[in-house]
Number of protein chains: 2
Amino acid sequence: MTDVTSAAAGRDLPHPDREEIRLEAVLHALSDPMRLRIVRELAADGSELSCSHFDLPVTKSTTTHHFRVLRESGVVRQVYRGTAKMNGLRREDLDDLFPGLLDSLLAAAGRQYLRLGDRA
Amino acid sequence: MTDVTSAAAGRDLPHPDREEIRLEAVLHALSDPMRLRIVRELAADGSELSCSHFDLPVTKSTTTHHFRVLRESGVVRQVYRGTAKMNGLRREDLDDLFPGLLDSLLAAAGRQYLRLGDRA
DNA sequence: ATCATAGTACGAGGGTTATCGTACGAGCCG
DNA sequence: CGGCTCGTACGATAACCCTCGTACTATGAT
């Protein structure tokens, strides 16, 4: 049986409630190039992605660290599914708290990418 | 004679060119509560304000530090006028680089203020 | 010239961050 | 079971950041 909602989905991780999300924390999370890149890919894809889907130029431990920062700041929602940990943007929560902000940020990041390319 | 454009206006400070402004640096600058507060006041007022106009709960040296971060990230433009140092938001530059971002950011900050009040 | 005001420079303290490496745990597959 | 992959935990390191105090410069007013 492969019920996604069963306990087989794995232990769950601490997330801030919507009301606990702070703008400063979100901006800090997004001020790191690696994390901004993760969020951009997440937004481009639209669905949930595993941590290992991202091919980042850092080690596994560092990757874990960045995803934790994103989760604890309220930017992403993380769920275990089997051995994989799936990551999804908390679009609804963020749009509710800060209407238009996420889209502006993604647009700004996209523009800068077009302007400067990959060079960090 | 009180010509504002004369050399009497004082030495000038290094600012990043518009094209050099990086989103990550802007987000980092705005992720500090003190600096976010400064930017909010600056936006609310609309005109240039001196450093000493702000009544921040930190020392003068720390205030100097925060304004430098804001200037070096391209968020504000600083100009000496007599003994005062005037600060203005770089609205045009930011709007050109990242259309809508500053307004979204300010709106988000305003919303959070209404929601949570002053308590940092 | 004297003094007050606005801000700077420098150095230090204490905290946080990004990064790594190695060792470990938890699900899956043969 | 045994091994593979995914991700975690922990410790270490080096860099960075916010804050302060003290000493200093520069401009304007008396």
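## Exercises on two chains and DNA strand C

In this predicted model, a polar side-chain atom of B:Thr64 sits 2.6 Å from a phosphate oxygen of DNA strand C. Local features need pLDDT of at least 70, side-chain atom pairs count only at pLDDT 80 or more, and totals for chains, interfaces and linings use all residues. Residues are numbered from 1 along each chain as its sequence is written, chains are lettered from A in the order in which they are written, and side-chain values use heavy atoms, with hydrogens and water left out.

**Exercise 1.** Work out which residues and elements lie near DNA strand C.

*Solution.*

1. Start with the count: 23 residues surround DNA strand C, and the closest are A:His66, B:Lys60, B:Thr64, B:Thr83 and B:Lys85. Near here means that a heavy atom of the residue lies within 4 Å of the strand.
2. Now the strand's side: sugar and phosphate make up 71% of the DNA strand C atoms that come within 4 Å of the protein.
3. Look at single atom pairs. A:Thr62 has a side-chain N or O atom 2.9 Å from a phosphate oxygen of DNA strand C, while a polar side-chain atom of A:Ser61 is 3.0 Å from a base oxygen.
4. Map that onto elements: α2 (33–45) and α3 (60–72) of chain A, plus α3 (60–72) and β3 (84–89) of chain B, each give two or more residues to this surface. α3(A) has the largest share, with four residues.
5. Finish with composition: five nonpolar, 13 polar and five charged residues.

**Exercise 2.** Describe the interface of chain B and chain A by its area and contacts.

*Solution.*

1. Count residues first: 27 from chain B are in contact (heavy atoms within 4.5 Å) with 27 from chain A.
2. Next, area. The size of an interface is often given as accessible area lost when the parts come together. Here the two chains bury about 2,300 Å² between them (1.4 Å probe, summed over both), 59% of it on carbon and sulfur atoms.
3. Who pays most on the chain B side? B:Glu24, B:Leu27 and B:Gln112 lose the most area to chain A, together 22% of what that side buries.
4. Check the polar terms: the rule finds zero salt bridges (a Lys or Arg side-chain nitrogen within 4 Å of an Asp or Glu carboxyl oxygen) across the interface.
5. Assign elements: α1 (23–30), α2 (33–45), α4 (91–97) and α5 (101–116) of chain B each give two or more residues to the side touching chain A. α5(B) brings the largest share, nine residues.
6. Sort that side by type: 15 nonpolar, five polar and seven charged.

Conventions:
Ala, Val, Leu, Ile, Met, Phe, Trp, Tyr, Cys and Pro count as nonpolar, Asp, Glu, Lys and Arg as charged, and the others, Gly among them, as polar. A polar contact is a pair of N or O atoms within 3.5 Å; within protein, one must be able to donate a hydrogen and the other to accept it, and residues adjacent in sequence count only if both atoms are side-chain atoms.
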